[in-house]
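Got your viewer open? Let's take a walk through this model, one selection at a time.

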Amino acid sequence: MESATIIPQKHIFVCCNDRGTEKACCMNVQGMEFFRELKQFVAEQGLIGKVFVTKTGCLGYCSDEGSNLVLYPENKWYIHVKPEDLKKIKEDILKGL
Ligand code: FES
């Protein structure tokens, strides 16, 4: 086992769970699109290595209303996120960096 050499200051997990059915899941409500947009945002801001954006499985808030994300170290949960909510999430990512 080795110790990590790159430790992010922030880490946002984006649910991209795909149930493969019509049952509510974040893949059906733009989870993957949000993941890609936040990855691009982090790169554009020059924050690669400081901010990790990671796809994750179910976070337990599945809905047809929107996808779910969580930002650490804030432990801030974003539930039923819609495209218009990404501006606020991006602001939160930048806070304190
Ligand atoms: S499928 Fe994303 S929270 Fe359950």
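Start with the strands: four of them form an open sheet with mixed pairing, in the order β2-β1-β3-β4. Keep in mind that you're looking at a predicted model. Why do β2 and β4 each have one side without a neighbour in the sheet? They stand at the edges with a single partner strand each, so nothing in the sheet flanks that side. Going from one strand to the next, the twist averages 15 degrees.

Now select β1 (10–15) and β2 (51–56). These two run parallel, paired over six bridges. Click on Ile12 and look across to β2: its bridge partner there is Val53. Add α1 (31–44) to your selection, and you have a right-handed β-α-β unit made of β1, α1 and β2.

Next, pick β3 (residues 67–72), which is antiparallel to β1 and joined to it by four bridges. Phe13 has Val70 as its bridge partner in β3. Move on to β4: four bridges tie β3 to β4, again antiparallel. Find Ser67 and you'll see it opposite Val81 in β4.

Show α2 as well. This helix packs on the sheet and touches β1, β2, β3 and β4, with its direction at about 15 degrees to that of β3.

Last stop: the inside. The largest nonpolar core has 18 residues, and those touching the most other members are Ile12, Val14, Phe34, Phe35, Leu38, Val53 and Leu69. Which element gives the most to this core? That's α1, with four residues. Finish back at Ile12, whose contacts farther along the sequence than four places are Leu38, Val53, Leu69, Leu71 and Ile93.

Note on methods: Residues numbered from 1 in each chain as written. Predicted model: local features only at pLDDT ≥ 70, side-chain atom pairs only at ≥ 80, totals over all residues. Core = buried A, V, L, I, M, F, W, Y, C linked by C-beta atoms within 7 Å. Buried ≥ 20, exposed ≤ 12 C-beta atoms within 10 Å, placed from the backbone. Contact = placed C-beta atoms within 7 Å. Pairing = 2+ DSSP bridges. Right-handed = clockwise from strand over helix to strand, strands pointing away. Axes fitted to C-alpha atoms, helices over the stretch in contact; angles between N-to-C directions.
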